[in-house]
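Here's a protein model to explore together. Take a look, and then we'll go through some questions about it.

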Amino acid sequence: MDADTEHFDVVVLGLGPGGEELAGRLAEAGLAVAGVEAHLVGGECPYWGCVPSKMMVRAADLLAEGRRIPSMAGEATVVPDWAPVARRIRDEATDDWDDKVAADRFLGKGGTLVRGRGRITAPGEVTVDDTRVLRARRGIVIATGSQPSVPPIPGLAGTPYWTNHEAVEAERVPESIVVLGGGAVGVELGQVLRRFGAEVTVLEAAERLLALEEPEVGELVAKVFAHEGITVRTGAEVTRVDHHGAAFTVMTEDGSHRAERLLIATGRRCDLAAVGVGALGLDESAPAVEVDERMRAAEGVWAIGDVTGKGFYTHVAMYQARIALADILGERAPAADYRAVPRVTFTDPEVGSVGLTEAQARERGLDVRTAVTSVSSSARGWIHRAEGLVKLVADDRVLVGATAAGPAGGEVLGLLTLAVDARVPIERLTSMIYAYPTFHRAVEDTLARLG
Ligand SMILES: Cc1cc2nc3c(=O)[nH]c(=O)nc-3n(C[C@H](O)[C@H](O)[C@H](O)COP(=O)(O)OP(=O)(O)OC[C@H]3O[C@@H](n4cnc5c(N)ncnc54)[C@H](O)[C@@H]3O)c2cc1C
Ligand SMILES: NC(=O)c1ccc[n+]([C@@H]2O[C@H](COP(=O)([O-])OP(=O)(O)OC[C@H]3O[C@@H](n4cnc5c(N)ncnc54)[C@H](O)[C@@H]3O)[C@@H](O)[C@H]2O)c1
């Protein structure tokens, strides 16, 4: 045995939400676990993703709610101030981007934290920063997450563009910003920055915002954005980016957009070559690590989280961590099932969706029925003067997909997720009682329209 080699039962590569959860649970189960982390224990979600971005959303929603007072509740003067948002992100969300609490939590469970960049160098072997060699008796877990995917636009490389990292770390709101990409990151952060006073232009290559969701949702968000003074260009092809002095110029086929900042929000990518999956005989050029329903990628290799390409969500990473945990410990557990993955985009209106969109269902050859209702036609929607919609996609017996957009759309989604996941018969959904006057009563109205 090589004296310089350190031996463990399991080596977990990457301690984001997926890796941290799995490594901690394996250590609690008594296994010798090394968690290798190149940056911060906790990964993208707590430091530059879900948590700080939702603090930004919460603050922006408060401003919007305050601005709704005049027509319904009297007088209000709303003066946005980014300082408390930046402070909360620094002090409450990220401990000034310090992972001591998370690292201590993992150590407290009995894990060994190995700081540095790991690379798989042979089956069962991870080499960290080209110096420390870790051997894994039972196996390796790849939980290396994803990075922003930056498009190869002429002129863009080398400019001080923002990704979600710089946007979350911002100490002040720019006067103007072009947001490239109208997916989840682009619409959430674009709306926040607009509500704090920035001039915002969203350039989206697809024909609509939130292009993977139901078309009605893209239209709804675009309508709200127009009302809030956000410029949206869909079908936009950016041909060149320049940065001079204090401004970016973003050229598209039909004009140019100048702004103080440019946010790249054009999706995520996984660098499998950097992880060294080739040493396991896996394809380094693939977009994601292919896994089976137990999260196995090869003999003695599991992968979880963004790197599996099954949905870039913290709840997917944690769900997969649970499945891999059971498999590594040799316990019985249900196999991975992605029929009912919930997705929530925290715009206002909030967009929750689960399962298949109508288009996805038809692509799969399902002969589906659909119905849509406006939240404003439900009692609570009308009382609140709320924007939103519910759309249901059903086969002859059960819902296969659903969307709830509106106030607390992500919470309304809870009942729809259960319906899709548990295959609740539609006749059961139509016969149950929905509290009056809630936003989720729009689900009952929509079911009635399914016919
Ligand atoms: C702005 C934004 C907002 C988001 N909001 C939400 C939300 O509201 N809800 C939601 O569910 N999801 C949200 N997400 C997505 C969510 O953050 C990710 O899906 C989640 O973090 C994925 O977890 P993970 O464990 O797969 O990987 P990651 O969080 O990416 O963590 C991977 C870790 O591995 C480390 N690593 C990578 N390579 C190596 C290596 N070779 N050696 C050692 N360490 C390595 C990295 O440093 C990192 O810490 C958001 C994402 C963004 C960008
Ligand atoms: N609330 C949440 O759960 C949440 C929030 C933020 C991010 N996320 C996750 O993070 C992932 C990344 O988010 P994202 O918004 O970066 O990616 P995304 O894939 O959701 O959207 C990227 C958008 O950019 C567009 N695009 C790509 N190249 C372009 C170009 N050159 N010019 C203009 N538009 C272009 C795409 O058409 C797409 O609509 C998402 O998949 C999501 O799962 C989740």
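Q: Which residues does UniProt place under the feature "binding site" that includes Gly181?
A: First, a heads-up: this is a predicted model, where local features need pLDDT of at least 70, side-chain atom pairs count only at pLDDT 80 or more, and totals for chains, interfaces and linings use all residues. Residues are numbered from 1 along each chain as its sequence is written, while chains are lettered from A and ligands numbered from 1 in the order in which they are written. UniProt positions use the numbering applied here, feature names are shortened, and annotations may be inferred rather than shown by experiment. The unreviewed entry in UniProt gives Gly181, Gly182, Gly183, Ala184, Val185, Gly186, Val187, Glu188, Glu204 and Gly267.

Q: Do those residues gather at one spot or lie scattered, and what distance tells us?
A: In sequence they span 87 residues. Still, they gather at one spot, because no two of their C-alpha atoms are more than 13.8 Å apart.

Q: Is valine 187 buried or exposed?
A: Valine 187 sits in helix 8, where a helix is a DSSP run of H or I with at least four residues, a strand is a run of E with at least two, and both are numbered from the N terminus. A residue is buried if 20 or more other C-beta atoms (placed from the backbone) lie within 10 Å of its own, exposed if 12 or fewer, and partly exposed in between. Valine 187 has 28 C-beta neighbours inside 10 Å, so the verdict is buried.

Q: Which residues does valine 187 touch, not counting those up to four places away in sequence?
A: Two residues are in contact if their C-beta atoms, placed from the backbone, lie within 7 Å. By that rule, valine 187 touches Gly182, Leu209, Leu210, Val221, Thr345 and Thr347.

Q: Which strands are the edge strands of the open sheet with the order 10-9-8-14?
A: Four strands make up this open sheet, and their pairing is parallel; two strands pair if DSSP finds at least two bridges between them. Strand 8 (residues 176-180), for example, is joined to strand 14 by four bridges. Each edge strand pairs on one side only, and they are strand 10 (231-234) and strand 14 (261-264).

Q: What angle does the direction of helix 8 make with that of strand 9?
A: Helix 8 packs on the sheet and touches strand 8, strand 9 (199-204) and strand 14. Axes are lines fitted to C-alpha atoms, for helices over the stretch in contact, and angles run from 0 to 180 degrees between N-to-C directions. For helix 8 and strand 9, that gives about 165 degrees.

Q: For the UniProt "binding site" list with Lys54, what is the distance between the farthest two C-alpha atoms?
A: The unreviewed entry in UniProt lists Lys54, Gly118, Thr144, Gly145, Ser146 and Asp306. They span 253 residues in sequence and do not all gather at one spot, because the farthest two C-alpha atoms are apart by 30.4 Å.

Q: Is glycine 145 buried or exposed?
A: You'll find glycine 145 in the loop between strand 6 (132-142) and strand 7 (147-148). Beyond its neighbours within four places in sequence, glycine 145 has contacts including Gly14, Glu44 and Asp306. There are 24 other C-beta atoms within 10 Å, so glycine 145 is buried.

Q: At what angle do the axes of helix 3 and helix 5 cross?
A: Lysine 54 lies in helix 3. The axes of helix 3 (residues 50-67) and helix 5 (residues 83-93) come within 10 Å of each other. They cross at roughly 145 degrees.

Q: Which residues of helix 5 make the contact with helix 3?
A: On the helix 3 side, the contact uses Val51, Pro52, Met55, Met56 and Ala59. From helix 5 come Val85, Arg88, Ile89 and Ala93.

Q: What is the bridge partner of serine 374 in strand 21?
A: Strand 20 and strand 21 (residues 389-394) run antiparallel and pair over six bridges. They belong to an open sheet of five strands in the order 18-19-22-21-20. Opposite serine 374 is leucine 389.
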